[in-house]
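Please look over the structure shown here with its cysteines and one of its helices in mind. The report below takes these topics in turn.

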Amino acid sequence: MLPNMKHFLTLLFITLGYLRALAAPAPDPITDLRATPATVTLVNPQRPHSLIVQARTKGGYDLDHTATATYRSSNDQIARVDAAGWIHPVANGQATITATAADRSATVNVTVKLPPAPVPFSFRQDVMPVLSKGGCNAGACHGYSLGKNGFKLSLRGADPEKDYPALTDEFLERRINRHQPAASLLLLKPLGDIPHEGGVRFDHGGVLHETVRQWIAEGAKDDSPVLPTLVAVTIFPEKVVALPRARQQFQLVAKYSDGSTRDVSRTGIFTVNTERVARVDETGLVTATDLGETAIVARYEGIFAVANLFVLPPDKGFQPTPVPQDNLVDRHVVTKLNDLRIKPSDLADDERFLRRVSVDLIGVQPKPDEVTAFTASKDADKRAKAIAALMKRPEFIDWWSLKWGDLLQNSRNALSDPAVYAFREWIRASIARNVPLDVFAREILTARGSYLDHPAAAYFAVSKDTDDTLQRATQVFAGVRMLCAKCHPHPFEHWTQGDYYGVHSFFNQVTTKADPRLTGVANAKTILLNLSAASSTNPRTGKPQPPRYLGGGEPKLDAGIDRRADYAKWLTSSENPHFARSLVNRVWSYFFHRGIIDPVDDLRSTSPPINAPLLDALTKDFVAHQFDLRHLMQTIVTSRTYQRSSLTNDTNGHDDANFSHAIPRRLPAEALLDSLVQATGVKENFSGAPAGFTAAQLPDANVQSPFLSLFGKPQRMEACECERDLGANMLQALHFINGKSILDRVASGSGRPALLLAQKPTDEQLIEQLYLWSLARRPAAAEIAAAKKFLATYADKRAEAAQDFMWGLLNSRDFTMLH
């Protein structure tokens with residue numbers, strides 16, 4: 001290379017390095033270093049405790065130094081600490097552990113209180129967690145209901161009393177070898193030393209291997225009846241604010257009934273709820289992968305703990321948005337967005353707002369005269385007034401009766417025709433009178449007789465049995481899915497078979513039989529009560545399970561009463577932890593792309609709310625206003641949060657969870673069809689429903705409508721929001737392009753293009769009217785210019801041009817989606 005070229009490149013590299021240094025932000029200085037926990041008490045030589053070492057920066061980020069810190073014990077004869085930060089007890093006494101990182105130090109006080117005699121390994125406290133960590137008792141392995149290869153364990157360690165003999169007594173005691181522990185099948189198979197269908201589950205010399213080996217070497221004994229029981233687990237740190245690509249070690253601590261604690265990080269099971277944001281390994285080490293937030297869920301022997309991870313961009317001078325005080329939704333949403341350093345989008349324009357709120361509140365988009373009147377108004381309060389007016393329209397009753405009909409599964413699949421229509425009218429009357437939802441729920445859950453006695457009794461007539469009633473009632477009115485707890489402890493929540501059959505006992509007095517007053521009427525049923533019915537039997541204990549509130553106590557009830565009434569009263573009380581909260585969350589989801597907790601009918605501690613203060617505030621307000629559904633809706637849709645544009649800014653493009661901007665949503669099937677009918681002016685005739693019914697007015701899904709089926713109308717076979725399909729697929733697109741639903745309508749002699757052309761409009765007038773009828777907005781100048789060119793290509797075939805142009809508008813995302 002020529003000397004002058006070397007000189008040039010050297011100078012170039014130096015210059016680029018200098019420019020990079022100028023462009024790089026100043027390092028975020030550390031303000032403190034802390035070690036968790038601050039104090040440790042060790043009482044068992046086999047149970048060390050880990051440390052989490054964290055620094056906090058001036059900009060508010062957490063930096064994990066657990067793996068890079070150096071550790072020193074003030075007295076290795078009392079407690080020693082290894083390079084990974086695990087403290088091991090040696091002898092009774094006290095010591096101080098010092099962790100050093102980033103030129104700072106943090107100390108931890110350690111007390112060692114070892115018993116005089118060695119502590120044997122415990123089957124329940126040591127071995128059972130190992131089997132869970134190794135996946136041995138998972139549903140895909142020996143926890144399967146039939147076991148695997150003749151060996152069955154309780155699912156996820158739910159029943160150690162049965163697991164102990166299965167391990168020690170069955171198979172001629174070959175699963176464990178007390179005389180030669182290393183020859184035990186319980187070790188050889190998971191170590192991979194002999195063929196094992198489940199693969200290698202333990203590492204040689206690892207914690208899992210050594211725990212089981214030493215337990216067997218000590219005689220594989222069962223536990224004492226007075227062994228302390230596990231009561232809680234806690235995850236540390238509970239909240240972390242990190243930069244992308246940062247790592248954070250989490251720690252899991254178990255608490256027992258005698259007050260003792262134990263670090264169970266090595267045998268706990270860690271998962272993340274949002275894998276786009278972070279990933280976690282089996283040791284609890286989390287790596288942030290993208291901006292956003294996620295829950296870190298830790299499970300230990302059927303008990304869960306949750307931490308929150310927030311991954312934020314580097315702080316480049318973010319200026320918080322002023323927090324509004326005039327709407328509780330905006331107050332909590334903007335507060336959270338400021339914490340995430342996200343600027344909310346601007347409000348949607350008047351046309352898009354009116355279309356969105358009309359579809360959401362009454363299930364059909366606005367007509368042209370409504371759009372033009374609204375946009376022309378100079379009233380500063382016109383949005384609130386439009387919302388109030390929409391809630392007074394008959395279509396509001398149609399739309400919200402449809403939603404409750406779906407949830408309550410009012411359908412001729414299980415009910416007689418007259419019962420379906422009677423229940424439908426009862427729901428419609430309740431919506432029209434704005435019956436408080438607590439009253440609404442109590443009437444449903446205590447109804448009896450046939451539709452002739454109380455139309456809401458149809459709710460019980462839909463159920464196949466008591467299990468079906470229990471599962472439907474908890475999912476709809478508490479947002480809890482209980483099916484799993486029927487056979488075993490719930491895999492993602494604390495519900496047990498005792499909880500399941502405790503609720504079961506509230507509903508097992510209900511019986512259904514054919515209504516003798518309606519002989520010859522298909523599916524004519526009446527609901528009876530057997531007031532002398534005993535409590536349901538818990539299959540795990542084989543004993544009667546007294547009525548038990550969901551997650552609550554067991555009330556002392558008099559014999560011979562309708563136990564449903566007590567459950568309904570408890571469920572709908574203002575103090576109930578499930579009812580109001582689940583309904584608020586469900587209603588919220590109808591106006592956004594998700595619930596504050598999502599899914600809305602699977603509420604559990606392992607799926608925390610995306611904005612807990614928001615959900616708490618809305619729930620408190622809902623209860624304070626006597627469970628008023630319209631008040632709740634009004635609070636939501638009058639908020640700036642609901643009215644924001646779907647257009648993003650530099651800070652919120654990645655946000656898909658915190659409501660910083662509108663997320664486009666596809667119109668539900670009924671709203672799509674009714675809006676199509678209104679746009680084109682050509683009605684839809686439904687076989688199996690009275691003439692003139694709109695899609696929103698249909699009594700159930702037992703009608704002939706390929707359109708509604710294709711676009712996801714629920715069949716009312718499940719009490720799950722998931723039964724309604726709001727997704728998009730190729731068949732839907734092909735139907736819009738080639739199907740008769742649009743082609744026949746726009747080409748009809750009584751369709752919108754023909755009606756407009758009969759008025760002899762100019763091209764610009766025709767274009768504007770087609771936009772208003774199809775998309776509920778006026779076209780932009782560029783769209784008018786493009787439309788004029790399109791119409792001109794048809795020469796004198798103006799009718800064909802208008803039809804094709806409207807067909808194109810109806811095929812656009814602006815029609816099928818809410819923006």
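What follows describes a predicted model, beginning with the cysteines and ending with helix H22.

A search of the whole structure finds one disulfide, and this bond joins cysteine 720 to cysteine 722, whose sulfur atoms lie 2.2 Å apart. The torsion about the S-S bond of this pair is about 130°, so the disulfide is right-handed. Cysteine 720 is buried, whereas its partner, cysteine 722, counts as exposed.

Elsewhere, the sulfur of cysteine 136 is 6.0 Å from the closest cysteine sulfur, that of cysteine 141, which is too far for a bond. Cysteine 487 is likewise in no disulfide, the nearest cysteine sulfur being that of cysteine 484 at 8.6 Å.

| Cysteine | Relative accessibility | Class |
|---|---|---|
| Cysteine 720 | 10% | buried |
| Cysteine 722 | 53% | exposed |
| Cysteine 136 | 11% | buried |
| Cysteine 487 | 57% | exposed |

Helix H22 spans residues 730-738, and within this helix Gln732, His735 and Phe736 are buried. These residues cover an arc of only 95° around the axis, which puts them on the same side of H22. An α-helix has 3.6 residues a turn, so residues three or four places apart point the same way. On the other side of H22, Met730, Leu731 and Asn738 are exposed.

The cover over the buried residues of H22 includes strand E25 (665-666) together with several helices, among them H20 (669-680), H21 (706-710) and H27 (798-810). At the start of H22, a side-chain oxygen of asparagine 729 comes to within 3.1 Å of the backbone nitrogen of leucine 731.

Note on methods: Residues numbered from 1 in each chain as written. Predicted model: local features only at pLDDT ≥ 70, side-chain atom pairs only at ≥ 80, totals over all residues. Heavy atoms only, no water. Buried < 20%, exposed > 50% of the residue type's maximum accessible area, 1.4 Å probe, protein only. Helix = DSSP H or I, 4+ residues; strand = E, 2+ residues; numbered from the N terminus. Arc of directions from axis to C-beta. Contact = heavy atoms within 4.5 Å. Polar contact = N/O pair within 3.5 Å; in protein donor to acceptor, adjacent residues only side chain to side chain. Disulfide = S-S within 2.5 Å.
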